[in-house]
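Here are some notes to keep beside you as you look at this structure for the first time. Take them in any order you like.

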Amino acid sequence: MHFNRDFYCIEIHDHEVACDGILYNNVFEIPFIELDENQALHIRGIIEEIRSEMQNDDSNTEEMLRTLLKLIILKSTRIWKEKHKLSEEQQQSDVHFLRKFSKLVEENYKTHHMVADYADMLFITPKSLSKKISLLSKDTPNDIIKKRIILEGKRLLAHTSMTVKEIAYHLNYEDDAYFVRFFTKHTGVSPTSFRKQF
């Protein structure tokens, strides 16, 4: 199910469903929630309501769709909370920390590639950083940083005419051969081969 910012701006809705809420705490991984039969039945019911509402074309359709979407997000948040069995206080603290780390990566991934760099920014040791991140993410801090660099590399290869050397420099790799090895190792294809796919 896809929605855009114009339809439902998660940043300006209430805290539980906002970007810094539980389901949106990390921009580098897609949250996965396994539903039991009863939960699946409820979600399926809401999806059927959405399908039915899409057939309507009156002044209330858009608002009804927004409400049903929010219902799915709220139910998913509740299921996530139950599954992780975290107290509200602990949960908010951990989610806040992961969000803070994610934002630091988003702001600095082009210039800072090492876990130690981010640990310094957060005034903790790299080991403590890894331990805290492991509470809410299946990825290590190093994985998160590398995935963000790879994502940007893919974006630039697919949507710009920059050379591989220019992209490497843009991502703070002085040696473009090192960037090519790094990209190939993490994606299974060379930057040039990846670009040819587009």
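Which residue forms a salt bridge with K138? Keep that in mind for the first point, and please remember throughout that this is a predicted model.

1. The partner of K138 is D139, and the closest N and O atoms of this salt bridge are 3.8 Å apart. With the cut-off for a salt bridge at 4 Å, the pair counts as one. The two residues sit in contrasting surroundings: D139 is buried, at a relative accessible area of 9%, whereas K138 is exposed, at 66%.

2. D139 has another salt bridge to look for, this time with the side chain of K147, at 2.9 Å from N to O. K147 counts as partly exposed, its relative accessibility being 38%. So if you centre your view on D139, you are looking at a buried residue whose side chain meets K147 and which also pairs with K138.

3. Next, please turn to helix 2, which covers residues 61-84. Here R66 and E63 form a salt bridge, with 3.2 Å between the closest N and O atoms. Both residues belong to this helix and are 3 residues apart, about one turn. Why does such a spacing suit a pair within one helix? An α-helix has 3.6 residues a turn, so residues three or four places apart point the same way. As for their surroundings, R66 is buried, with 17% relative accessible area, while E63 is partly exposed, with 45%.

4. How many salt bridges does the model contain? The count comes to 8. Some of the residues are joined in a network of salt bridges, which links E106, R148, E152 and R155. It is worth displaying these four side chains together.

5. Now for the backbone. F123 is not a glycine, yet its phi is positive, about 60°. You will find F123 in the loop between helix 4 (115-121) and helix 5 (126-134). Is F123 buried or exposed? F123 is exposed, with a relative accessible area of 77%.

6. N172 also deserves a look: it is not a glycine either, and its phi is positive at about 70°. Its place is the loop that runs between helix 7 (164-170) and helix 8 (176-187). N172 is partly exposed, having a relative accessible area of 42%.

7. That loop brings us to helix 8 itself. It has 12 residues and spans 16 Å from its first C-alpha to its last, close to the 16 Å expected at 1.5 Å a residue. At its start, a side-chain oxygen of D175 comes to within 3.0 Å of the backbone nitrogen of A177. Just after the helix, G188 has a positive phi of about 85°.

8. Which residues of helix 8 are buried? Among them are F179, F182 and F183. They lie on the same side of helix 8, because the arc they cover around the axis is only 95°. The cover over the buried residues of this helix includes helix 6 (141-159), helix 7 and helix 9 (191-196). On the face turned away from the buried side, you will see the exposed residues R181 and K185.

9. To revisit one part of the model, I would suggest helix 8: start from D175 and A177, follow the buried F179, F182 and F183, then finish at G188, just after the helix.

Notes
Residues numbered from 1 in each chain as written. Predicted model: local features only at pLDDT ≥ 70, side-chain atom pairs only at ≥ 80, totals over all residues. Heavy atoms only, no water. Helix = DSSP H or I, 4+ residues; strand = E, 2+ residues; numbered from the N terminus. Buried < 20%, exposed > 50% of the residue type's maximum accessible area, 1.4 Å probe, protein only. Expected span 1.5 Å × (residues − 1). Arc of directions from axis to C-beta. Contact = heavy atoms within 4.5 Å. Polar contact = N/O pair within 3.5 Å; in protein donor to acceptor, adjacent residues only side chain to side chain.
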